[in-house]
Number of protein chains: 2
Amino acid sequence: MTSFPQLGLDAQLCFPLYAASRAVTRRYTTLLAQAGLTYPQYLCLLALWESEEPVTVGELGARLRLDSGTLTPVLKRLEAAGHVGRRRDPADERRVLLEVTPTGWELRDRVADVPLGIASGMGLTEAEAGQLRGLLDRMLVGLDEPVT
Amino acid sequence: MTSFPQLGLDAQLCFPLYAASRAVTRRYTTLLAQAGLTYPQYLCLLALWESEEPVTVGELGARLRLDSGTLTPVLKRLEAAGHVGRRRDPADERRVLLEVTPTGWELRDRVADVPLGIASGMGLTEAEAGQLRGLLDRMLVGLDEPVT
DNA sequence: CGCAATTAGGTTGTGCACAATATGTTTGTT
DNA sequence: AACAAACATATTGTGCACAACCTAATTGCG
């Protein structure tokens, strides 16, 4: 307390960011449970639903900013649940191609209204949400640069 | 893609929030490694440094919005490292009192400049950071309400 | 007092994150 | 062709998060 004002929990961005992220994830978790999905599994599907074509693990990781150590077990669970197919690329056996299965596409209807359920409980106006998204995006660009 | 614009990864707040939080945590992780701390351990210490008096696990959890299942192992590691003392409250044996040890207080000097190292790489002005903190705080208030 | 209900913290199990490392593949370069 | 370097993914190990459950201590109330 005495002389480190910059070390106050509320003086920094990190803690509100961390707490808000966990709070939002918690909301999603409860809404996604009815579809049998975890939040990272849902994020994987959001990314995979964006393309009709198969996508490699590396491309998915670049989109979600997650590495293979995180994605592989998540994708295996999605495969075990029948939502995603995984197969080696015949043209380059190092790569694994991911493809949403028909039941995986059907899931999209079941979770289509989840974002509205989240937004309604967030206490921000549409304008504020847009502002927040803009600030976070700018921050992500800055954080992408290697540490100088 | 065809008919679910609300399910775009970038259309929602959740993904930028999640990605930004992980990116910031990653920055802290590298800076905190020299002090032998993880990011959640650092958060616990930030909260404990805010009070000269012993604090219970429950009070710490309320401050950090973390439950005992998360805090207990983190606190045990901080105790094993000699930064924090844990003892049952004699007045109420259900409670555990947490107290920063002398070496725990010394750590505060070693990490005093960590927030500056983070802020410099974040790409936001001071005003933007304040704006972001305000939006996140308002969001946290909204997310604290039970789901209606 | 006697005892059900509440409270505080700990334990267990599942699922991420991420660093470090390993393995198999492909690509250059000679 | 031979082989070193680069590449894509998988594996392993540590440390969270959080739900569900458990145990012991305390509190209220008749």
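In this predicted model, A:Pro102, A:Glu106 and A:Asp109 are exposed on one side of helix 5 of chain A. The other side differs. A:Gly104, A:Leu107 and A:Arg108 are the buried residues of this helix, which spans residues 102–110. Viewed down the axis of helix 5 of chain A, they fall within an arc of 110°, so they line one face. An α-helix has 3.6 residues a turn, so residues three or four places apart point the same way. The buried residues of helix 5 pack against helix 2 (39–49) and strand 3 (92–100) of chain A.

Next, the core. The largest nonpolar core has 104 residues. A:Leu60, A:Leu64, B:Leu60 and B:Leu64 have the most contacts inside it. Beyond its neighbours within four places in sequence, A:Leu64 touches residues of chain A, including A:Leu43, A:Ala47 and A:Leu71. It is also in contact with B:Leu9, B:Phe15 and B:Arg22.

How do the chains relate? A turn of 180° with a shift of 0.0 Å along the axis lays chain B on chain A, with an RMSD of 0.0 Å. The two copies are thus related as by a two-fold rotation axis. Of the interface residues of chain B, 100% are also interface residues in chain A, so the copies meet through the same surface.

Finally, the DNA. Strand D is surrounded by 27 residues, and A:Tyr18, A:Gly58, A:Thr72, A:Arg86 and B:Arg77 are the closest. Sugar and phosphate make up 79% of the strand D atoms that come within 4 Å of the protein. An N or O atom in the side chain of A:Arg22 is 2.9 Å from a phosphate oxygen of DNA strand D. Backbone atoms take part too: a polar one of A:Val57 is 3.3 Å from a phosphate oxygen of this strand, and one of B:Glu93 is 3.2 Å from a phosphate oxygen.

Technical notes: Residues numbered from 1 in each chain as written. Chains lettered and ligands numbered in written order. Predicted model: local features only at pLDDT ≥ 70, side-chain atom pairs only at ≥ 80, totals over all residues. Heavy atoms only, no water. Core = buried A, V, L, I, M, F, W, Y, C linked by side-chain atoms within 4.5 Å. Buried < 20%, exposed > 50% of the residue type's maximum accessible area, 1.4 Å probe, protein only. Contact = heavy atoms within 4.5 Å. Least-squares fit on C-alpha atoms with pLDDT ≥ 70 in both. Helix = DSSP H or I, 4+ residues; strand = E, 2+ residues; numbered from the N terminus. Arc of directions from axis to C-beta. Near = heavy atom within 4 Å. Polar contact = N/O pair within 3.5 Å; in protein donor to acceptor, adjacent residues only side chain to side chain.
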